[in-house]
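Please look through the structure below at your own pace, keeping the sequence beside it. The paragraphs that follow start with one helix, move to its surroundings and to the aromatic rings, and end with the chain as a whole.

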Amino acid sequence: MANSDPIQIFIGTDEYQMIGAKVLAHSITSRTSAPVKIHYLSDYAAPSPQNPALRSKTGFSFTRFMIPQICGYEGRAIYLDADMLVFTDIAELWNWPMPDEVSLLYAEQPPERGRRPQYSVFLVDCAKARWDARELMQKLDTGVYDYHSLVYEFSHMSADEKAMILPFRWNALEYYDSGETSLIHFTDMNRQPWVEPTNPNRDVFYAAVNAALDAGAVTLADINQAVDKGYIHPAFPKWIGRSKSSSFFRDLFWPAPYLRLLPVQHRILARLKRLPSLL
């Protein structure tokens, strides 16, 4: 891996999360002098299992398994979900030492926080991790893997092939400590700061959005278009200080994008739970 090679970063996103993905990308590129190549996984078409019940719940659940292939099974790559911000030079993560027998590193989660480890941030050696996404989908169809174990536990890898040695600060779930957190993950969909204004770390995200706007990495036209399409809350421009207008009834009945992933009865309950934050 030559020092001049760009850091290959793959952001898991679909059309619903492109504003967050672009803000994340700016938080990365504005904090490193290293060359960086950003890939949005929405630009790639992943294979899908034949069984409709096993198909991806997001636009990128399976696309991440294409990363080694996209990289020509050479070098390293970093995967990040779109609902994140980076505060440390990404070169630190890119250059993290990897044991010879290991092909993937992911972050630990402190037991006292009650959160399970996730593969929402990982560093992969593409030469060693010779994943075949199409083959994985076939094995999903035939029951070799189930959806949860493949997507959330990376069960296609043996325990010896992956190591949970990245520190918590590189995937801090709903946690921010200024000067310590390297990456915050807004993982709770019902209170992500572009969905609700009640997230305890919302100001961190709103500052990052404004920095991206000031740099031209995101435009107000992009945000307004996302509002029009229902991808982010209609009051979001007001929350970030870029508009004074809002509509109580529009805000009240706005269907958050994450609701599409829930059964109907859970959608109703989720919308009722939003009432206190709007009153």
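In this predicted model, a good place to begin is helix α7, where Ala-221 and Asp-228 are exposed on the side away from the buried residues. The helix runs over residues 220–228, and its buried residues are Ile-223, Ala-226 and Val-227. Looking down the axis of α7, you would find these buried residues within an arc of 105°, and therefore they line one face of the helix. What do the buried residues of α7 pack against? Their partners are α1 (18–29), α6 (202–215) and α8 (236–239). Just after α7 the chain reaches Gly-230, which takes a positive phi of about 85°.

One of those partners, α6, deserves a closer look. Its 14 residues, counted at 1.5 Å a residue, should span 20 Å, and because the end C-alpha atoms of α6 are 20 Å apart, the expectation and the model agree; here the expected span is 1.5 Å times one less than the number of residues. The buried residues of α6 are Val-204, Phe-205, Tyr-206, Ala-208, Val-209, Asn-210, Ala-212 and Leu-213, and what covers them includes α1, β4, α7 and α8. Like α7, which is followed by a glycine with positive phi, α6 is followed by Gly-216, whose phi is positive and near 80°.

We can now turn to the aromatic rings, for which a search of the whole structure finds 20 pairs. Are the rings of Tyr-79 and Phe-122 stacked or edge-to-face? Their centres are 5.1 Å apart and their planes lie at 20°, so the pair is stacked, given that planes under 30 degrees apart count as such. This pair links distant parts of the chain, since Tyr-79 belongs to strand β3 (residues 76–81) and Phe-122 to strand β6 (residues 121–125), 43 residues apart. Both Tyr-79 and Phe-122 are buried.

A further aromatic pair, formed by Phe-87 and Tyr-176, is tilted, with 4.9 Å from centre to centre and 55° between the planes. It also links distant parts of the chain, 89 residues apart: Phe-87 sits in the loop between β4 (84–86) and α3 (91–94), and Tyr-176 in the loop between β8 (172–173) and β9 (183–185). Phe-87 is partly exposed, with a relative accessible area of 21%, and Tyr-176 is partly exposed as well, with a relative accessible area of 27%.

Ring pairs can also join into a group, and here they link Phe-65, Tyr-79, Tyr-106, Tyr-119, Phe-122, Trp-131 and Phe-154 into a cluster. Another kind of arrangement involving a ring is found at Tyr-73, where Arg-130 lies over the face of the ring, at 4.3 Å from its centre.

Finally, consider the chain as a whole, which contains eleven helices and nine strands. Along its principal axes the C-alpha trace spans about 55 × 45 × 40 Å. A compact globule of 279 residues would have a radius of gyration near 19 Å, and because the protein chain has 19 Å, the two agree. Of these 279 residues, 49% count as buried. Among the contacts in the protein chain with a separation of 6 or more, residues 24 or more positions apart account for 67%.

How values were computed
Residues are numbered from 1 along each chain as its sequence is written. This is a predicted model: local features need pLDDT of at least 70, side-chain atom pairs count only at pLDDT 80 or more; totals for chains, interfaces and linings use all residues. Side-chain values use heavy atoms; hydrogens and water are left out. Buried means under 20% relative accessible area, exposed over 50%, partly exposed in between (1.4 Å probe, protein chains only). Helices (H or I, at least four residues) and strands (E, at least two) are DSSP runs, numbered from the N terminus. The arc is that of the directions from the helix axis to the C-beta atoms. Contact means heavy atoms within 4.5 Å. Rings of Phe, Tyr and Trp (its six-membered ring) pair if their centres lie within 6.5 Å; planes under 30 degrees apart count as stacked, over 60 as edge-to-face and the rest as tilted. A charge sits over a ring if NZ of Lys or CZ of Arg is within 6 Å of the ring centre and within 35 degrees of the ring normal. The radius of gyration is taken over C-alpha atoms; the globule rule is 2.2 Å times the number of residues to the power 0.38.
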